[in-house]
Amino acid sequence: MYRVESPGHPTHYRFDALSGVPHGVFTRHGGVSRGPWASLNVGHTVGDDPAAVAANEARVFAALGVSAARVATARQVHGTDVLRVAAQQAGATVGAADGLVTDASGVALLMRVADCAPVLLYGPDRGVVGIAHAGWRGALGGVAARTARVMIEEYGCDPRALRAGIGPSIGPCCYEVGAEVYEPFAARWGAGTVRRVAGGGVHVDLWEANARALREVGVEHVEIAALCTCCRREEFYSHRGDGGRTGRLAAVIDLP
């Protein structure tokens, strides 16, 4: 993963694995929002001024060379449903889902995150892109793998050709959880996604959990950003680190 800084555009990160399509996971900088949402908030439900959110979205889209009329998104519900996006749904909120997939040229897909992991996918062999919002519920339910599976089973993508990027999110360094979270992770993936730390706390590794879920459906090329949103609150929004009052980062992948 590498950082992109272009004059006049907000800073964002891109994956080497997804170099075939325009995409980015954006930082919190380069927008117009103020207060706890400063400055590139794209969340419409966090209390920010709607005009500021719209201006921020316009800056995000301009950085990737897409227009708002081309961008489809979903009402995120921390679930595992995946929706297929058709060309006529460009510019719309297509429904309640945490995974989106399209093979329609000219459609870009957007998810919003603030500690949950954005997972971006590209199937170069079939010209298909996907995106998922995977917090602990989504990771445990396999939303990233379900998104990949739609690309494989419904669009004909070869899983060995699929490329995946797991973006900035709360890391295993900071994600302390209770037994109701870590016990299912340990049962599902074993010690590799759960670790005990000094003082008796238990942390979950969302990056590794999502990567393992993707590999289980045959995705071999998985790039992990390994950037913790909670550690790096000066650069990213963090729901946990910011005490629940914060903005949302944009994650976008485009199929030109």
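These questions and answers walk through a predicted model, from one sheet to a helix and the cores. Residues are numbered from 1 along each chain as its sequence is written, and side-chain values use heavy atoms, without hydrogens and water. Local features need pLDDT of at least 70 and side-chain atom pairs count only at pLDDT 80 or more, while totals for chains, interfaces and linings use all residues.

Q: In what order do the 6 strands of the open sheet lie?
A: Strands here are DSSP runs of E, at least two residues, and helices are runs of H or I, at least four, numbered from the N terminus. Two strands pair if DSSP finds at least two bridges between them. The pairing in this sheet is mixed. The order is E5-E7-E10-E9-E11-E15.

Q: Which are the edge strands?
A: An edge strand of this sheet pairs on one side only. The two are E5 (82-84) and E15 (221-224).

Q: Which residue in E10 is the bridge partner of glycine 123?
A: E9 and E10 pair in the antiparallel sense over 7 bridges. Their hairpin has 4 residues between the strands, and glycine 127 takes a positive phi near 65° there. The partner of glycine 123 is valine 128.

Q: Which residue in E11 stands opposite leucine 121?
A: E9 and E11 run antiparallel, joined by 4 bridges. Opposite leucine 121 stands alanine 164.

Q: How many of the residues of E9 are buried?
A: Buried means under 20% relative accessible area, exposed over 50%, and partly exposed in between (1.4 Å probe, protein chains only). On one side of E9, Ala117, Val119, Leu121 and Gly123 are buried; on the other, Pro118, Leu120 and Tyr122 are buried. The count is 7 of 7.

Q: At what angle to E10 does H3 run?
A: Axes are lines fitted to C-alpha atoms, for helices over the stretch in contact, and angles run from 0 to 180 degrees between N-to-C directions. H3 lies across E5, E7, E9 and E10. Its angle to E10 is about 165°.

Q: How wide an arc do the buried residues of H4 cover?
A: In H4 (179-189), the buried residues are Val181, Tyr182, Phe185 and Trp189. The arc is that of the directions from the helix axis to the C-beta atoms. These residues sit on the same side of H4, because their arc is only 85°.

Q: Which exposed residues does the other face of H4 carry?
A: The buried residues of H4 pack against H2 (136-141), E12 (176-177), E13 (194-196), E14 (202-204) and H5 (206-216). The face turned away from them carries Glu180 and Ala187.

Q: Which element gives the largest share of the largest nonpolar core?
A: A nonpolar core is a set of buried Ala, Val, Leu, Ile, Met, Phe, Trp, Tyr and Cys residues joined through side-chain atoms within 4.5 Å. The largest has 42 residues, and Phe185 and Val219 are among those with the most contacts inside it. The elements giving two or more residues include E9, E10, H4 and H5. The largest share, 7 residues, comes from H3.

Q: Which residues is valine 219 in contact with, leaving aside neighbours within four places in sequence?
A: Contact means heavy atoms within 4.5 Å. By that test, the partners of valine 219 are Ala148, Pro159, Leu162, Ala164 and Leu214.

Q: Why does valine 197 count as partly exposed?
A: Valine 197 lies in the loop between E13 and E14. It counts as partly exposed because its relative accessibility is 28%.
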